[in-house]
Amino acid sequence: MNNKEHQHEGLERQKKGVSSFMLHDSTLIFNELNLKKGNHVLDIGCGAGDYSIQASKDVGDEGIVYALDRWDEVINNLSKKADSQGLKNIKAVVSDIVHRLPIEDNSIDVCLLATVLHIPDVIKAEEVLFAEIRRVLKLDGRIAIVEIKKKEMPFGPPLDMRLSPEDVERLVMKYGFSKASYIDLGYSYMIQFTLK
């Protein structure tokens, strides 16, 4: 499968609400994120919204989770899922994440990009994306990036699209962030960054 085919398949999977959430130990991810009651979380490229739903439970009614995705169908499905679980603190919004984000300045405690950064359209718009993340993060805010390891596996993006931890660090740190932590998740990993 070439990159264009993978990209098309990825878009179709995203529209259907397919998630990478089950590939990882989500308990490990959320223990590491250590979200607090009242936190404001931004899930960029939320897809099926599994991360948003877990974050919503962790931050409680005092917190807010902004879930952004470019597909109406995906956002509608997430809104229905949140309603069915009685979650009132998820703000699911249709938004193309490679443009200005519909979020206030300095309002986000944790920005999550789970298996999003490797997508070619996102990488092409890295300068805009990270400028926007800087704009919306609080001064003590964090970015958490989850990506599939850069080795052959029977699932996930083609090898040439994958990002190693070193690739992610080089990419993110040039936009004024410092590496705060790394955790191995088996098939994948999560790196957290803070503002310098």
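Which strands does H6 lie across, and at about what angle does H6 run to E5? In this predicted model, H6 lies across E1, E4, E5, E6 and E7, and its direction makes an angle of about 140° with that of E5. A second helix, H7, lies across E5, E6 and E7 and runs at about 20° to E7. The paragraphs below describe the sheet, the nonpolar cores and the salt bridges.

The protein contains 7 helices and 7 strands. Along the sequence these elements follow the pattern α-α-β-α-β-α-β-β-α-α-β-α-β-β. Of the 196 residues of the protein, 52% are classed as buried. When contacts between residues at least 6 apart in sequence are considered, 70% of them join residues at least 24 apart. The accessible surface amounts to about 9400 Å², and carbon and sulfur atoms account for 50% of this area.

The 7 strands make up an open sheet of mixed pairing, with the order E3-E2-E1-E4-E5-E7-E6. E3 (90-94) and E6 occupy the edges; each has a single partner strand, so one side of each is left without a neighbour in the sheet. On average, neighbouring strands are turned by 20° against each other, direction ignored. At the E3 edge, E2 and E3 run parallel and are joined by 5 bridges. Asp69 stands opposite Val94 of E3.

Towards the other edge, the pairing involves E7. E5 and E7 run antiparallel and are joined by 7 bridges, and Ile143 has Phe193 of E7 as its bridge partner. E6 (residues 177-184) also pairs with E7 in the antiparallel sense, over 7 bridges. Here Ser181 is matched with Gln192 of E7. E6 and E7 form a hairpin in which 3 residues lie between the two strands, and Gly186 in the turn has a positive phi of about 90°. E7 is mostly covered, with 7 of its 8 residues buried.

The largest nonpolar core comprises 33 residues, of which Leu42, Leu113, Leu117, Phe130, Ile133, Ile143 and Phe177 touch the most other members. Two or more residues of this core come from each of strands E1 (40-44), E2 (64-69), E4 (108-114), E5 (137-148) and E7 (188-195), and from each of helices H6 (126-136) and H7 (165-173). Apart from this core lies another, made up of 25 residues, including Leu33, Leu35, Val65 and Ile183. In the largest core, Leu117 is one of the residues that touch the most other members. With residues up to four places away in sequence left out, the contacts of Leu117 are Val122, Ile123, Leu129, Phe130, Ile145, Glu147, Leu163, Val168 and Leu171. Phe130, one of these contacts, is likewise among the core residues that touch the most other members.

The whole structure holds 11 salt bridges. One of them joins Arg70 and Asp121, whose closest N and O atoms are 3.8 Å apart. This pair links distant parts of the chain, since Arg70 lies in the loop between E2 and helix H4 (72-84) and Asp121 in helix H5 (residues 120-124), 51 residues apart. Both fall in the partly exposed class, Arg70 at 38% relative accessibility and Asp121 at 33%.

A salt bridge also connects the side chains of Arg100 and Glu132, with an N to O distance of 3.9 Å. Arg100 is in the loop between E3 and E4 and Glu132 is in helix H6, 32 residues apart, so that this pair too links distant parts of the chain. Arg100 counts as exposed because its relative accessibility, 57%, is over 50%. Glu132 counts as buried because its value of 9% is under 20%. Arg100 and Glu132 belong to a network of salt bridges that also includes Asp105 and Arg135.

Helix H7 and strand E6 are connected by a further pair, Glu169 in H7 and Lys179 in E6, 10 residues apart. Their side chains meet in a salt bridge of 3.1 Å, N to O. Glu169 has a relative accessibility of 18% and counts as buried, whereas Lys179, at 40%, is partly exposed.

Definitions and conventions: Residues are numbered from 1 along each chain as its sequence is written. This is a predicted model: local features need pLDDT of at least 70, side-chain atom pairs count only at pLDDT 80 or more; totals for chains, interfaces and linings use all residues. Side-chain values use heavy atoms; hydrogens and water are left out. A nonpolar core is a set of buried Ala, Val, Leu, Ile, Met, Phe, Trp, Tyr and Cys residues joined through side-chain atoms within 4.5 Å. Buried means under 20% relative accessible area, exposed over 50%, partly exposed in between (1.4 Å probe, protein chains only). Helices (H or I, at least four residues) and strands (E, at least two) are DSSP runs, numbered from the N terminus. Contact means heavy atoms within 4.5 Å. Two strands pair if DSSP finds at least two bridges between them. Axes are lines fitted to C-alpha atoms, for helices over the stretch in contact, and angles run from 0 to 180 degrees between N-to-C directions. Accessible areas come from the Shrake-Rupley method with a 1.4 Å probe; for residues, only the protein chains shown count as cover. A salt bridge is a side-chain nitrogen of Lys or Arg within 4 Å of a carboxyl oxygen of Asp or Glu.
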